[in-house]
Structure formats: C-alpha cells, structure tokens
Amino acid sequence: MEDEQNSWLDFRQENMFQILTPYEERDIYDKLAEKQRGGKFHVTKSKTIVGKSSVTDLPDEILFQILTKFPAEDLHDNIRFVCKRWHKLISSGCFISQHMQQNKSQLLIVTPVLLPCENRQVKQLEKHVKALDFNLNTAPIPRMAQQILSSFNGLILIHDREHRRQLHVVNLANKFSVTLPSCPSACEHVGCGTAITLDPSTSEYKIVHMFADGFGLEIFTLGCPDKAWKRIRGPFRVPEERPFNVEKFRWENPVCINGQFLHWSVGSDEYIVSMNISNEKWRRIHLPGNDRYRYRYDLLDIEGNLALFYKVSNTQIDVWVLEDYEKQGWIQRYSIMSESRIHGTRSLPEFRKLHAVTALEDGHLIMFRHQRGKHDLNDCYCLYDIKQRELKRSRMKIKRKTKFIHHKSSLLVCSRNEKLADKDLKVTV
C-alpha cells in the first residue's frame, strides 16, 4: 500500500499542472497499483491528458509569475538548480526586481546581548488572530555574533563584534557578503547613526554613517572602484548651531524612507535634520504645529512616509505625516485619545511614557513601548489598532533595548565577484 501511494505522489509531482477529474485520478491510481503488483501500466491519452506535460513546458511568462511566489531562500538553494532555463530566469535582473516588489517584509526583533560570549537571537512576529496579538517565533536567521544595524531590499548592514571597527553588508538568502573598509573616523560603532540606503538616480546602494556632526557624515558606495569612504559636512556649520548638549547627545540610526530620505531627531523644539541621499544635501524639516516638541515625539516609517507621534499630554497623542519632503508639507492624520477603547488593560497607560517603535499591518497597527522602571528586565508593549481605535496591552515578553527592523528577503547581490561560501559567512548557529 505504501509503495502504491509513493508511486502516485511521484506521478502527481511530475504532472502537477495537469487538470484531472476525480475519475481520471482514480483510474491512474488503480493502474499504478496494478503496476506495483507486476502488471503493466498504461494511461490512455485523452483530451485532458496529452502525453507527458510538466511545469518545465510552461511558457516563460507563466513560469516567471509562478516562481516569484517562492521565498528567496528556496529559489537560491534549490529551485534555480532544476535546469539551465530556470537558473537563467531566476538570475535575471528583471526577475530579482519583480520578486523583491512582490515579497512582503517581516519584522525582525533583535534581542540585546547581555554577555560578551552571547550571540544575538533574531525573532519575528506571527499574528495571532483570535487573541488580537502577536506571537514571537524564532526567525529563519541563525543566531548572529554581529549586531544588525539596518536592512533594505534584502541587504543587511551588520556590525562585527569581534572587530569593532568593521561593518559588513550581507544577504542571508543568497550568501553574498561585502566587508567594508574601516571608516575614516575610526568609529567603533557604538552610539552612532548608520543606515543602508539606495540612490534612485544611480541605482547605487550607499552606507551612511554619522559619528559626530563636527567630523561630518561618511558615505560608502557599494561597488565603487576606489573602495573608499567619502566625507561630507555635517548638518551644523558651526558648533553654536547645535540644539543639544554635545557631551550627552548620541546620534541614533536614522528613519529611512524608501531608502532615499534620512531623518534624524536632534532634540530640537523646532526641527529635525534630513538628507536626500541623491544630492547628499542637508535640510531642516520644521515640526508641525506651534507646540514645544522637545523630547516628546517619535519618528516612524509608515508605508513609505515619515510619521511623527507627538505626545500632547498624558491622554492624547497626535500623529502627523510628512507628505511633501520638498515643501515640508505635514498633515495630521489622526489622534490617539484616552477615549479610545482599552482592551485587556486594567489601567490606562500614561501616554507620555509610550514610545512608538514600529508600524505593522500596512501601517494600521502601531506598536508602543511602555516605559517602565530601570530594574525591569522586560519592556511592556501596547498595540493600537487605527481602524478600531483600540489600545491593547501585548502579551509578548521582550527584553529592554530590543531593536525592531523591517526586513525583506531578496536575491539582490552587490557584486558578482564578492560571493562567499556558506562557511565564510560570519554567523553562528
């Protein structure tokens, strides 16, 4: 019986795109069983089944659409080796671009390292529909000895903990890796702002590093022939322009919109500093409204737009969206009020202690971190549903100083001659 079932499964795998009626399926199954018992196997050709047809006989256009549905890891590790035709199709720039556009991003949750010998564990969220919450599952990414700093179009920027001045750009789906030369500032990448970006005017990927505004901004272009960092001036021409205390202020990773527009909070009541990576020019984006914003707002990327969450009071948070970068056009989308329905919470959290950390579900769900005491090992998180106007305390237990990074798997490569074997990729399982 087991042999008969295996023969049937093999037949269906070879002819997966044939349309069979239940009677035809039963007829073939019976004849396969007869063959296993020593009889002869013969399938009569009909209008429905015409000879041996398989997925390899499909036109390129249909095959293209089918293969874009598969995960990047499966395409690279297995599917591209089916035949030369499939390998050529999957390796084409058109396919890589289309696959990347169709692929949905996932939220990586990078836990902090408490001990020097520890490896970072990366988790991802899985929606729990019945509980209106999310579960934490181990992501299909090995525990890493490095710190993930940024991700864009499948390329991940990581910091090497063993060689603290080194940065790497890797694609975990296709095992491509690039080690960047040390930046001119000799930064050890602690308390600095770094991101991987895309210049749409040249289709070049660039690494942006802000160590100290007095030193300037450092930019490295992947694939550049000289393999050298470029330095441009910082956002402030003279030290007196800085709105922050130099001794206490630390640059953070910028909010990157569509890989092109970078935004930093600098502790100002009036503005944030921004840059368009295409022209590499600084500008100040003035904050909306007339209130004093100092340290009472958070910046997020919501579906390709910069969103500002302003904590008006302990009972109200206003959400503004920057719709026009050049004209600095802000529009207030909605407000989160204390009148919002509180689901599963015994008491209303103080809104000024809520920090917006990421957006989920196409921007319809906002995750807030609720600031707790210094001795608490885990942070408390709340989820706000924009459509339902409902605030819910999450059951997830997440360590303090955990980072949330949106990541989209892809087959993108930086350079064909920079491919490394699996053993050369500096990750530990």
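The legends below introduce a predicted model, one close-up at a time.

**Figure 1. The whole chain, before we zoom in, holds six helices and 26 strands.** Welcome to the structure. The chain has 429 residues, and 46% of them are buried. Contacts between residues at least 6 apart in sequence offer another way to look at the chain: 51% of these join residues at least 24 apart. The remaining views pick out individual helices, strands and residues.

**Figure 2. Helix α5 has a buried side and an exposed face.** This helix covers residues 84-91, and its buried residues are Trp-86, Leu-89 and Ile-90. Looking down the axis of α5, you will find these buried residues within an arc of 95°, so they line one face of the helix. A general rule is handy here: an α-helix has 3.6 residues a turn, so residues three or four places apart point the same way. Now turn to the face of α5 that points away from the buried side, where the exposed residues Lys-84 and Lys-88 sit. What lies over the buried residues of α5? The cover includes α3 (60-67), α4 (72-77) and α6 (93-102).

**Figure 3. Helices α3 and α5 make a right-handed crossing.** Two packed helices are described by the angle between their axes and the distance between the axes. For α3 and α5, the axes cross at roughly 65° and come within 11 Å. On the α3 side, the residues to look for are Asp-60, Leu-63, Phe-64 and Leu-67; they meet Arg-85, Trp-86, Leu-89 and Ile-90 of α5. Sorted by class, the residues of this contact are six nonpolar and two charged, with no polar ones.

**Figure 4. Helices α5 and α6 pack with their axes 5 Å apart.** The angle for this pair is about 65°. From α5 come Leu-89, Ile-90 and Ser-91, which meet Gly-93, Phe-95 and Ile-96 of α6. Which classes of residue take part in the contact of α5 with α6? Four are nonpolar and two are polar, while none are charged.

**Figure 5. His-99 is a buried residue of helix α6.** The relative accessible area of His-99 is 2%, under the 20% cut-off for a buried residue. Setting aside residues up to four places away in sequence, what does His-99 touch? The list is Leu-67, Thr-68, Phe-70, Pro-71, Ala-72, Leu-75 and Ser-409.

**Figure 6. Strand β10 pairs with β9 and also with β11.** Strand β10 runs over residues 216-221; six of its six residues are buried, so the strand is largely enclosed by the rest of the structure. With β9 (residues 204-212), β10 pairs in the antiparallel sense over six bridges. To find one of the partnerships, look for Gly-216 in β10, the bridge partner of Ala-212. With β11 (residues 230-232), the pairing of β10 is antiparallel too, over three bridges. Here Ile-219 stands opposite Lys-230 in β11.

**Figure 7. Four strands form an open antiparallel sheet.** Following the sheet across, you meet the strands in the order β12-β13-β14-β15. Which strands lie at the edges? They are β12 (255-257) and β15 (281-286), each pairing on one side only. On average, and with direction ignored, neighbouring strands of this sheet are turned by 25° against each other. Six bridges join β14 (residues 271-276) to β15 in an antiparallel pairing. Ile-272 stands opposite Ile-285 in β15.

**Figure 8. Val-170 is a buried residue of strand β6.** The strand holding Val-170 spans residues 167-171. Val-170 has a relative accessible area of 2%. How many residues apart in sequence are Val-170 and Cys-414? They are separated by 244 residues in sequence, while in space their C-alpha atoms are 9.0 Å apart.

**Figure 9. Trp-251 is a buried residue in a loop.** You will find Trp-251 between β11 and β12. Is Trp-251 buried or exposed? Trp-251 is buried, with a relative accessible area of 4%. Ser-265 is 14 residues away from Trp-251 along the chain, and a distance of 8.4 Å separates the C-alpha atoms of the two.

Methods:
Residues are numbered from 1 along each chain as its sequence is written. This is a predicted model: local features need pLDDT of at least 70, side-chain atom pairs count only at pLDDT 80 or more; totals for chains, interfaces and linings use all residues. Side-chain values use heavy atoms; hydrogens and water are left out. Buried means under 20% relative accessible area, exposed over 50%, partly exposed in between (1.4 Å probe, protein chains only). Helices (H or I, at least four residues) and strands (E, at least two) are DSSP runs, numbered from the N terminus. The arc is that of the directions from the helix axis to the C-beta atoms. Contact means heavy atoms within 4.5 Å. Axes are lines fitted to C-alpha atoms, for helices over the stretch in contact, and angles run from 0 to 180 degrees between N-to-C directions. A crossing is left-handed if the near helix is turned anticlockwise from the far one by less than a right angle, and right-handed if clockwise. Ala, Val, Leu, Ile, Met, Phe, Trp, Tyr, Cys and Pro count as nonpolar, Asp, Glu, Lys and Arg as charged, and the others, Gly among them, as polar. Two strands pair if DSSP finds at least two bridges between them.
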